[in-house]
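Opened the notebook for a fresh look at this one. The plan is to go feature by feature and jot down what turns up.

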Amino acid sequence: MATTPSTSSGEEDPPPPPPAPPFSDPSQNSSSPFYIHPSESPSSILVTPVLMGPNFQSWSRSVRMALVSKNKMDFLTGSIPIPSEADPLYPHWECCNTLLMSWLLNSLAPSIAQSVVVLEIAIDIWTDLRERFTQGDRLRVAELQEEIYSLQQGNLSVIDYYTKL
């Protein structure tokens, strides 16, 4: 029977730690945000219609739904940090970032795409668009509130009045 060597004090040495598990490739795990399905390509159109500016609210909602279904929204929320270039995850992150950038650029009107094509990180494109186009949403909200406050039922039926609201 083999025994563990004793230290000079007569106590047994603790067993060595187990070996570190080998790096597993997250791009092969379909539940990982780094996984890219074979049907997902940079030329894919993520959502339609493209962002024209005034449609930012509905466009961003469509993009969020598409990316959540693809398990990629965390790249745009910052939940998945940018790894260092020495990190084994970096190539997988870079591939996903590039794919997301392509999807975003393909879903923008050409004039808007030209203004963000110089950005190198998908979250920066997302943040730029959100900051730029939510400004107009506040003005539109104020306009809609004014319309609602001035709306009167008059001779309209309840159904027509409610529909107009």
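**Asn71.** I started in the loop between α1 and α2 (73–77), where Asn71 sits. This is a predicted model, so I read everything here as computed. Asn71 is not a glycine, yet its phi is positive, about 60°. I noted that because most residues other than glycine have a negative phi. Asn71 follows α1. Is Asn71 buried, exposed or partly exposed? I get a relative accessible area of 31%, so Asn71 is partly exposed.

**α1.** Next I went back to the helix before that loop. α1 has 14 residues. From first C-alpha to last I get 20 Å, close to the 20 Å expected at 1.5 Å a residue. Then I listed the buried residues of α1: Phe56, Trp59, Ser60, Val63, Ala66 and Leu67. Looking down the axis of α1, I find its buried residues within an arc of 125°, so they line one face of the helix. On the face turned away from that buried side I find Val68 and Ser69, both exposed.

**Pro49.** I also checked the segment before α1, which is where Pro49 lies. The peptide bond from Thr48 to Pro49 is cis, with omega near -5°. I flagged it because most peptide bonds are trans.

**Rings.** How many aromatic pairs does the structure hold? My search gave 5. I looked at Trp59 with Trp126: the ring centres are 5.9 Å apart and the planes meet at 35°, so I logged the pair as tilted. To count as stacked, the planes would have to be under 30 degrees apart. Trp59 belongs to helix α1 (residues 56–69) and Trp126 to helix α5 (residues 122–150), so this pair ties together parts that are 67 residues apart in sequence. Both tryptophans, Trp59 and Trp126, are buried. Following the ring pairs further, I get a cluster that links Phe56, Trp59, Trp126 and Phe133.

**α3.** What span should the 17 residues of helix α3 (residues 90–106) have? At 1.5 Å a residue I expect 24 Å, and the end C-alpha atoms are 24 Å apart, which agrees. I then asked how covered α3 is, and the count says mostly: 12 of its 17 residues are buried. Among them are two tryptophans, Trp93 and Trp103. The buried list also includes Tyr90, His92, Asn97, Met101 and Ser102, and I wrote down the leucines Leu99, Leu100, Leu104 and Leu105 as well.

**Cysteines.** I searched the whole structure for disulfides and found 0. Cys95 is in no disulfide, and its nearest cysteine sulfur, that of Cys96, is 5.8 Å away. The cut-off for a disulfide is 2.5 Å between the sulfur atoms. From the other side, Cys96 is in no disulfide either, with the sulfur of Cys95 5.8 Å away as the nearest one. Which of the accessibility classes do they fall in? At 43% relative accessibility I put Cys95 down as partly exposed. Cys96 comes out at 0%, so I put it down as buried.

**Pro110.** I moved on to helix α4 (residues 110–116), which holds Pro110. Pro110 has a relative accessible area of 65%, so I noted it as exposed. I also checked Pro110 against Val50: they are 60 residues apart in sequence and 9.3 Å apart in space, C-alpha to C-alpha.

**Leu151.** Then I took the loop between α5 and α6 (158–164), where Leu151 lies. Is Leu151 buried or exposed? Its relative accessible area is 19%, and buried means under 20%, so I entered Leu151 as buried. Leaving out residues up to four places away in sequence, I find Leu151 touching Tyr161, Lys164 and Leu165. With Leu165, the C-alpha atoms are 7.8 Å apart and the sequence separation is 14 residues.

**Whole chain.** Last, I pulled the totals. The protein chain has 6 helices and 0 strands, and its elements run α-α-α-α-α-α from the N terminus on. Of the 165 residues in the chain, 29% are buried. I get an accessible surface of about 11300 Å², with 57% of it belonging to carbon and sulfur atoms. For contacts between residues at least 6 apart in sequence, I find that 56% join residues at least 24 apart.

Methods: Residues are numbered from 1 along each chain as its sequence is written. This is a predicted model: local features need pLDDT of at least 70, side-chain atom pairs count only at pLDDT 80 or more; totals for chains, interfaces and linings use all residues. Side-chain values use heavy atoms; hydrogens and water are left out. Rings of Phe, Tyr and Trp (its six-membered ring) pair if their centres lie within 6.5 Å; planes under 30 degrees apart count as stacked, over 60 as edge-to-face and the rest as tilted. Helices (H or I, at least four residues) and strands (E, at least two) are DSSP runs, numbered from the N terminus. Buried means under 20% relative accessible area, exposed over 50%, partly exposed in between (1.4 Å probe, protein chains only). The expected span of a helix is 1.5 Å times one less than its number of residues. Contact means heavy atoms within 4.5 Å. Accessible areas come from the Shrake-Rupley method with a 1.4 Å probe; for residues, only the protein chains shown count as cover. The arc is that of the directions from the helix axis to the C-beta atoms.
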